[in-house]
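Hi everyone, thanks for coming. I'd like to walk you through a structure today, so let's put it up on the screen.

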Amino acid sequence: MTPKEDLSTNNNDNTTTPPLRPSIILKHHHRTNQKLLTLPKSDLQSQITTRGDHLQEIKHAARSTNKLIRTNYSTFIHDVGRNVYPLIIFTDYEEDALSGVGSTLTLYREDGSVTKVSPALSSLYEVYKSCSHIFMGLSVEIGPYLDNASYCSGEMIEDAPWRSSLTKFVQQVRNFRQSLTNAAKVEASLVDDSNLAIQEEKKEDEANGSDIISDKNGLPPLEMRECMNKMLSSVINYCEGCLSTGILDIAKWEQLNQDNFPRIKQCMKASTKAQADACVRQLISWRDMLGPIEWRELYVVIPTVWAVGAENPRKTMMRQLVDKDRIDTHIITSEYPRNHAEARTLLGRVVADRAIGRLVFGDETKEQRIKTMGLSSEVDVVQDDSLVAIWEAIKSNGCPVRRPPSSNASSRGSLCL
């Protein structure tokens with residue numbers, strides 16, 4: 001019987017043969033065994049002696065200490081972030097949530113209540129914003145081919161790679177325009193003797209108020225419908241021209257954008273007004289509900305993306321509404337958080353670092369204040385020391401030193417306020 005047969009199960013009596021003898025196992029791994037047994041002991045020893053000398057021992061201890069501190073710190077800032085109230089997380093880019101609706105506001109209070117609203121959701125914010133974005137959307141369709149003469153001039157190319165994508169894009173724009181047409185038809189059917197006075201009042205409002213962003217029925221006013229219809233129609237005409245000729249006419253595209261800029265601006269003004277009106281009203285109602293004492297303790301976290309990380313409507317609103325002396329300390333904007341859990345942990349880091357900086361470094365001397373401010377702000381706590389080290393390293397390697405201007409927040413003295 002072969003060793004392989006020894007391992008098989010006897011189907012007749014449902015019993016298993018005895019295990020293989022060690023000699024049989026070794027026989028099947030002879031070459032491997034020989035190599036394992038001839039490995040130098042010195043090699044094996046050096047691989048496991050992570051603390052083989054005093055220097056390695058010191059580095060290992062330092063690394064282990066740092067790992068322990070970081071592990072405990074992660075738990076610490078997580079807990080601190082859940083201990084800060086009241087808190088508003090002001091989102092517009094959160095994953096798995098509403099995006100592009102003029103911001104979603106979530107209020108966390110110490111009693112455990114969580115209130116989440118999207119104030120501009122019931123307005124026409126999305127309508128005006130999306131219409132103004134269509135020209136940027138068209139640039140995404142055309143952009144990859146701007147320098148490709150094969151598609152921008154010459155004879156028609158039936159199987160142009162942009163044809164399928166542009167066809168889908170223009171169909172969506174047609175759907176958008178048709179929705180405006182359908183709304184106008186429904187509105188026209190409602191006009192009779194019983195509501196004629198309302199219609200006249202609406203026309204008067206549109207004539208006298210350039211800031212009107214919706215009519216009595218919540219639809220875009222006539223002026224805005226006409227504006228958007230012209231925008232959508234011009235895009236549709238351009239796309240249909242490209243599809244019929246098989247050529248992307250870049251000159252016509254640039255003229256299309258130039259002609260429509262006033263209308264793009266008009267839609268942007270209308271969308272931001274809708275957003276501001278809805279969100280500011282909501283924030284003021286929360287301010288009144290919390291009262292001056294609780295409102296003063298409010299922290300605001302604004303997760304964002306790089307394109308609007310420096311300035312955006314959410315930050316501007318909160319600067320106008322939080323207590324004036326809390327603007328620089330209680331409004332936190334960051335590209336890091338992808339959800340509310342990460343936003344609250346980020347808040348825990350900010351608040352915890354401020355406390356640790358003050359308690360550990362102190363504020364009696366210039367050097368202490370620099371370290372405290374470094375840990376409490378967006379400047380690295382070792383930036384004052386690293387500047388000197390970097391300059392010396394640059395000079396020692398034959399490169400000229402580019403010193404930051406005195407007004408730069410990363411300069412040594414600027415942290416000492």
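**Strand 4 and its surroundings**

Let's start with strand 4, where T104, T106 and Y108 point one way, L105 and L107 point the other way, and all of them are buried. Before I go on, please keep in mind that this is a predicted model. Strand 4 covers residues 104–108, and five of its five residues are buried.

So who are the neighbours? On one side of the pairing story we have strand 3, residues 87–91, which runs antiparallel to strand 4 and is joined to it by five bridges. If you want one pair to find on the screen, take F90, whose bridge partner is L105 in strand 4.

Strand 4 also pairs with strand 5, residues 114–117, again in the antiparallel sense, over four bridges. Here the pair to look for is T106 with K116 in strand 5. These two strands form a hairpin with five residues between them, and G112 in that turn has a positive phi of about 95 degrees.

Now for two backbone details. Most residues other than glycine have a negative phi, and most peptide bonds are trans. With that in mind, look at S103, which has a positive phi of about 95 degrees although it is not a glycine. Where is S103? It lies in the loop between strand 3 and strand 4. Is S103 buried or exposed? With a relative accessible area of 0%, S103 counts as buried, because the cut-off for that word is under 20%.

The other detail is the peptide bond between Y85 and P86, which is cis, with omega about -10 degrees. P86 sits in the loop between helix 5, residues 54–81, and strand 3.

Next, helix 6. It takes in residues 125–142, 18 in total, and reaches 27 Å from its first C-alpha to its last, close to the 26 Å expected at 1.5 Å a residue. Where does helix 6 bend? At I134, by about 40 degrees. I134 is also among the buried residues of this helix, along with others including Y125, F135 and L138.

Last stop, the surface. L36, L39 and L44 form a nonpolar patch there, with about 270 Å² of accessible area together. L44 belongs to helix 4, residues 41–48. L44 has a relative accessible area of 39%, so it is called partly exposed, a term for values between 20% and 50%.

That's my tour, and I'm happy to go back to any of these spots on the screen.

Terms used
Residues numbered from 1 in each chain as written. Predicted model: local features only at pLDDT ≥ 70, side-chain atom pairs only at ≥ 80, totals over all residues. Heavy atoms only, no water. Buried < 20%, exposed > 50% of the residue type's maximum accessible area, 1.4 Å probe, protein only. Pairing = 2+ DSSP bridges. Expected span 1.5 Å × (residues − 1). Bend = angle between axes of the 7 residues up to and from the residue. Patch = residues over 30% accessible without salt bridge, like charges linked within 9 Å, V, L, I, M, F, W, Y side chains within 5 Å. Areas by Shrake-Rupley, 256 points an atom, 1.4 Å probe, with all protein chains shown as cover. Salt bridge = Lys/Arg side-chain N within 4 Å of Asp/Glu carboxyl O.
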